[in-house]
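Q: Can we go through this one together? I'd like to start with the strands and then move to the ligand.

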Amino acid sequence: MFRVAKLRCEYKQNPIGIDVAEPRISWQLRSDDRDCVQSAYQIQAARDASFEAVLWDSGQRNSGQSIHVGLDGLLPEARTRYYYRVRAWNQAGKGSDWTEPAFFETGLLDSSQWQAEWIRAPRARFPQNSEICPQLRTFVDVKSPVASVTIYVTALGLYELQLNGQRVSGHYFTPGWTSYGKRLQYQTYDATSLIKEGSNALGAWLGNGWYKGHLGWKNQMEMYGTTTALLLELHIRYENGSEERIVSGKNWEAAESAIRMSDLYMGETYDARLERDWTNPSEAGWHQVEVIEHSKAIIVAQENVPVTQVTLLKPLAILTTPQGDRILDVGQNMVGWLRFTLNGQSGQTVELQHAEVLDAGGNFYRDNVRAAKQLIRYTLKGGEPETYEPHFTFQGFRYAKLTDFPDTIRAEDFTGVVLHSDMEPTGSFNCSDPLINQLHHNILWGQKGNFLDVPTDCPQRDERLGWTGDAQMFVRTASYLMNTAPFFTKWLRDLKADQTTEGGIPFYVPNLQESFSIGWGETSHSSSAWGDAAVICPWTIYEMYGDNRLLAEQYESMKKWVSYIHGEGDNPYLWNTGFHFGDWLALDSKPDSYVGATDRDYIATAFYAYAVSLTLKAAVALDQTGDAEYYRDLHGKIVNEFRSEFVTPSGRLSVPTQTAQLLALRFGLLEGEAKARSIQKLVELLAEAGDHLTTGFVGTPYLNPVLSEIGQNELAYKLLFQQDYPSWLYQVTKGATTIWEHWDGIKEDGSFWSADMNSFNHYAYGAIGEWLYSYVGGIKPDESQPGFRVVHVKPYPGPGLDWADTQLETMYGPVASCWKRIESNGLEISVTIPANAEGMVLLPGAKLDRILESGVPLKQAEGIRGIELVLDGVKVVVGSGSYAFSYQWG
Ligand code: RAM
């Protein structure tokens with residue numbers, strides 16, 4: 001068997017609304033044989049699924065490329081569906097069959113194509129401060145049989161679209177959150193199945209969302225604009241070949257809806273008695289809309305994957321607290337909302353308030369969500385059972401306090417609806433220790449909760465912002481767990497759009513308004529380790545998915561960030577000016593400070609060197625040789641300056657913290673004696689803390705990877721397995737189901753860290769996930785063959801684990817690394833490498849003549865391309881396939 005599988009266009013399966021000049025196709029190869037390599041491929045594109053009239057044909061191309069293959073020269077037209085199929089040849093010249101056809105469909109391609117007008121509910125009836133969500137509608141008359149109906153739509157605020165009383169898509173929080181002043185996404189929907197001949201009611205609810213609702217912790221609203229509005233086009237293609245466009249304009253009408261208030265932080269108030277019948281043209285209360293002016297030039301097609309209802313949870317129970325509250329326990333700290341069904345009297349109102357934790361006494365505790373009310377109020381229509389779920393709000397919670405619900409309500413009447421960007425799950429990690437598996441679960445749920453269209457620090461309190469530092473810390477872990485390429489493509493474009501002309505990076509992206517009025521420091525932008533998201537994120541996406549187009553797109557922004565730092569202060573090779581968050585929330589901070597003990601200048605200069613090293617790598621990857629020379633030279637100068645500033649003449653680092661050692665070691669800033677001393681110091685500092693960490697946001701992600709790299713793998717495992725404070729498992733043993741913002745969010749005595757800033761769903765410390773995948777499991781990409789074309793499998797087994805099973809769906813296909821201790825000091829390692837990729841497998845501690853592969857001596861095994869004896873074991877270069885290595889130590 002040799003075949004082509006999993007066709008994707010721009011990472012998506014049969015996407016519609018793709019506005020890319022040269023869409024890229026990726027596929028995977030499947031083969032029963034080991035060591036399968038693609039020698040050639042052919043792609044055809046056509047307007048019809050049967051490929052009767054082939055429009056574009058690559059011909060047989062002798063190339064091994066199977067990801068991000070551009071359809072060069074196709075020149076897609078707007079609003080057009082292109083079918084494509086692929087076949088491939090392996091290295092023996094054997095050809096596959098053509099795949100089944102897949103397709104992509106373009107959107108409007110060019111923002112000047114919009115004929116629709118921006119419309120809003122009339123101001124006279126909907127004053128600027130009205131909390132009521134308007135409903136906007138029109139009627140579409142369809143006279144003859146329809147071939148297809150496509151809707152292109154966006155909004156200022158959020159929209160939910162209905163056609164003939166049915167939701168047009170399963171996408172939520174559309175049009176998504178971007179830097180609205182500069183970029184606004186539209187969505188494309190195929191509505192063919194919802195249209196009927198005759199009169200069709202087309203309508204949308206509008207909500208405030210990020211655009212006009214509460215945003216940030218200063219009780220601010222209207223950060224991007226003062227009015228919600230809709231822009232929509234519905235295109236009908238009739239079977240007779242004619243076309244018609246229905247566009248938003250002054251003939252639309254608006255009415256008050258049953259959504260009396262909806263706000264991302266505050267929750268939703270809904271009065272079911274006021275529900276309208278969209279489809280009834282003579283219903284009272286509809287008024288002509290107003291046409292407003294708003295830029296269409298900033299409109300771009302949806303880039304990210306949509307937010308959907310990804311997971312549904314069954315709540316565990318309804319509890320009564322010592323204070324007498326009735327609390328629904330979902331059993332998982334989650335983000336989204338509760339759907340519920342209840343039966344009652346018309347006009348009766350029920351309330352749900354959401355919180356993450358119960359306090360030490362088992363009572364409802366919501367102080368840490370600060371001003372975010374997270375309150376749902378629902379007024380019943382009455383009569384028969386009614387089911388409700390909110391529209392334009394989401395809550396971060398595990399518990400909901402039920403007020404005025406009928407006594408008969410049961411846990412089964414609720415569903416926890418988990419909403420986030422619907423990224424393809426790609427990673428799985430299981431091992432012999434249930435607490436570590438729970439930790440992995442918590443990391444995954446940190447991502448689910450905080451990847452709702454933008455990477456946020458937290459999903460519950462009045463904050464929920466795209467903090468750049470947090471994103472930078474977690475991007476690699478996130479990219480093991482799920483395919484984050486479209487997600488970060490969109491976010492990085494916003495980062496680039498929000499970058500200052502000098503190259504500074506706001507603390508969070510999308511930035512709020514044009515100003516940086518956050519009230520921190522002199523500039524309120526461009527903290528080291530936060531702004532570095534500008535280089536770390538695109539580089540990580542490049543390594544994980546081989547996405548050189550995104551790297552090329554972001555390259556100028558990377559360069560600008562580096563040049564911003566270069567221009568700060570008097571010394572171009574040190575960064576010792578400006579405001580920095582420092583090792584945020586580290587435990588070596590002064591009392592009552594959020595900032596750890598590691599000098600901020602030290603962190604800033606170390607990250608400066610790191611940012612330049614990544615920009616240098618990008619220059620090399622993009623063949624920018626002149627730039628590469630410049631960055632190589634600049635890097636050398638920064639490293640020298642770093643050493644003369646922070647390393648004493650006898651080779652001691654002048655900043656004696658765990659984080660200082662970690663940055664120097666991880667970023668390769670030391671060598672020789674100074675490096676050896678830093679390693680020793682790190683071990684000493686950990687020992688002084690009883691083999692516990694004291695690191696904050698900046699140092700923690702590097703802790704275990706550095707320890708494994710410097711020959712202290714056992715110490716890394718020791719830290720991982722600590723259960724007392726501070727440690728990752730401390731929170732697990734306290735019942736956490738997500739990752740906490742503070743190591744001691746809940747203290748030993750059950751009391752809380754101050755309510756000011758105490759999120760229980762904050763992914764930053766979840767960056768340990770990277771270590772689970774790339775050290776315990778040992779799966780790493782190769783920077784010169786990115787996207788896992790070359791897969792490094794170098795497991796680091798350690799004390800406390802008997803086995804670990806790590807799986808990763810890469811662009812080339814599934815990779816696996818499963819190791820297990822076997823009796824009398826041996827190891828079994830099963831490895832899977834996908835077709836058209838190569839594995840560099842390191843068998844730790846192995847002796848060549850003891851290694852068996854599927855029962856035969858290694859040298860006789862099939863698919864082995866090379867064997868090399870290295871310091872820490874035996875390195876085996878393998879072609880694709882599944883391999884089962886086993887050996888005894890000693
Ligand atoms: C808080 C959050 C966030 C962090 C900033 C600096 O708002 O902890 O995660 O990045 O501070």
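A: A term to begin with: two strands count as paired if DSSP finds at least two bridges between them. Keep in mind that this is a predicted model.

Q: Fine. In what order do the strands of the open sheet run?
A: Seven strands make up the open sheet, in the order S34-S39-S40-S41-S47-S43-S44. Their pairing is antiparallel.

Q: Which strands stand at the edges?
A: Strand S34 (427-431) and strand S44 (856-857). Each has a single partner strand, so one side of each is left without a neighbour in the sheet.

Q: How many bridges are there between S39 and S40?
A: Eight bridges, in the antiparallel sense, link S39 (residues 803-810) to S40 (residues 813-822). For Thr810, the bridge partner in S40 is Gly813.

Q: Now the ligand. Which residues are around the ligand?
A: Asp457, Arg461, Glu463, Trp467, Asp470, Trp530, Phe581, Trp584, Phe697, Glu741, Met757 and His762. That shell divides into six nonpolar residues, five charged and one polar.

Q: Which side chains have a polar atom close to a ligand oxygen, and at what distance?
A: Among them is Asp470, where a side-chain N or O atom is 2.5 Å from an oxygen atom of the ligand. For His762, a polar side-chain atom lies 2.8 Å from a ligand oxygen. With Trp584, the distance from a side-chain N or O atom to an oxygen of the ligand is 3.1 Å.

Q: And how much of the ligand's accessible area does the protein cover?
A: On its own the ligand has 290 Å² of accessible area, and the protein covers 99% of that.

Notes
Residues are numbered from 1 along each chain as its sequence is written. This is a predicted model: local features need pLDDT of at least 70, side-chain atom pairs count only at pLDDT 80 or more; totals for chains, interfaces and linings use all residues. Side-chain values use heavy atoms; hydrogens and water are left out. Helices (H or I, at least four residues) and strands (E, at least two) are DSSP runs, numbered from the N terminus. A residue is near a molecule or strand if one of its heavy atoms lies within 4 Å of it. A polar contact is a pair of N or O atoms within 3.5 Å; within protein, one must be able to donate a hydrogen and the other to accept it, and residues adjacent in sequence count only if both atoms are side-chain atoms. Accessible areas come from the Shrake-Rupley method with a 1.4 Å probe; for residues, only the protein chains shown count as cover. Ala, Val, Leu, Ile, Met, Phe, Trp, Tyr, Cys and Pro count as nonpolar, Asp, Glu, Lys and Arg as charged, and the others, Gly among them, as polar.
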